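Thank you all for coming. I would like to walk you through one structure today, slowly, for those who have not met it before.

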Amino acid sequence: MLTNKWGSAPDLKWWRFDALDVHQLYAVLRLREQVFMLEQNSLYEELDNLDQQSEHLLATADGELMGYLRLLAQGDGPVKLGRIVLAKAARGSGLGPTLIREGLARAASQYPTRPVKISAQLALKDYYGQFGFVVTSEPYDDGGVLHLDMVKDAE
């Protein structure tokens, strides 16, 4: 059972961008900024105009955002999981794999014939490999952090 420091299991819920309220959106953007830009010292265009086209998975407990990811399906290409992030308090709780499995399940149910693509930090190659993702690119710099493209075939 996943629990946070207060002992409650996180609530996982999918949202369309236009259904997020301003407090949820602020929490998402703040968490992404805290982890990707400040903790990881990665400078990149965080507001990339893809959030409006994405579905958003928020994991909350006791009114706090513990984890997040977005799912983007454009055209007929691969479905993309991205911006996968955990609050410090949620790390080591098992929430990360839960988010990824939920993202993959959503992709499979909404887009059953399409592969799923991620841009993974190089250090997390083996972590994502355990979910069936395989490397499809050479390492590349993304905001000062080495990344790899990885794809998981449709099931």
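Before anything else, a word on touching: when I say that two residues touch, or are in contact, I mean that they have heavy atoms within 4.5 Å of each other. Please also keep in mind throughout that this is a predicted model.

Let me begin with Gly132, which sits in the loop between α3 and β6, the latter being residues 134–135. Leaving aside residues up to four places away in sequence, Gly132 touches Val151 and Lys152. Is Gly132 buried, exposed or something in between? Its relative accessible area is 37%, and because the partly exposed class lies between 20% and 50%, Gly132 counts as partly exposed. Gly132 and Leu25 are 107 residues apart in sequence, and their C-alpha atoms are 30 Å apart in space.

That brings me to helix α1, residues 22–39, where we can check the length against expectation. At 1.5 Å a residue, its 18 residues should span 26 Å, and the C-alpha atoms at its two ends are 24 Å apart, which agrees. The helix does bend, by about 25° at Glu33. At its start, a side-chain oxygen of Asp21 comes to within 2.9 Å of the backbone nitrogen of His23, while the helix is followed by Asn41, whose phi is positive, near 50°.

Which residues of α1 are buried? They are Gln24, Val28, Leu31, Arg32, Val35, Phe36 and Met37, and these buried residues pack against four strands, namely β1 (11–16), β2 (55–61), β3 (64–72) and β4 (79–86). As a general reminder, an α-helix has 3.6 residues a turn, so residues three or four places apart point the same way.

Arg32, in α1, deserves a moment of its own. Its relative accessibility is 0%, and so it counts as buried. A polar contact of 2.9 Å joins its side chain to that of Asp51, and, again not counting residues up to four places away in sequence, Arg32 touches several others, including Glu46, Tyr68, Arg70 and Arg83.

Finally, the largest pocket, which has a volume of about 950 Å³. Of the 35 residues that line it, those closest to its centre are Phe36, Gly82, Arg83, Ile84 and Ser119. Several elements each supply at least two lining residues, among them α1, β3, α2 (95–110) and β8 (145–152), but β4 gives the most, with seven residues.

Terms used. Residues numbered from 1 in each chain as written. Predicted model: local features only at pLDDT ≥ 70, side-chain atom pairs only at ≥ 80, totals over all residues. Heavy atoms only, no water. Expected span 1.5 Å × (residues − 1). Bend = angle between axes of the 7 residues up to and from the residue. Buried < 20%, exposed > 50% of the residue type's maximum accessible area, 1.4 Å probe, protein only. Polar contact = N/O pair within 3.5 Å; in protein donor to acceptor, adjacent residues only side chain to side chain. 1 Å grid on protein atoms, 1.4 Å probe; cavity = no way out; pocket = protein on both sides within 12 Å on 5 of 7 lines; lining within 4 Å. Points joined across faces, edges and corners; volume = space filled by probe spheres on them.
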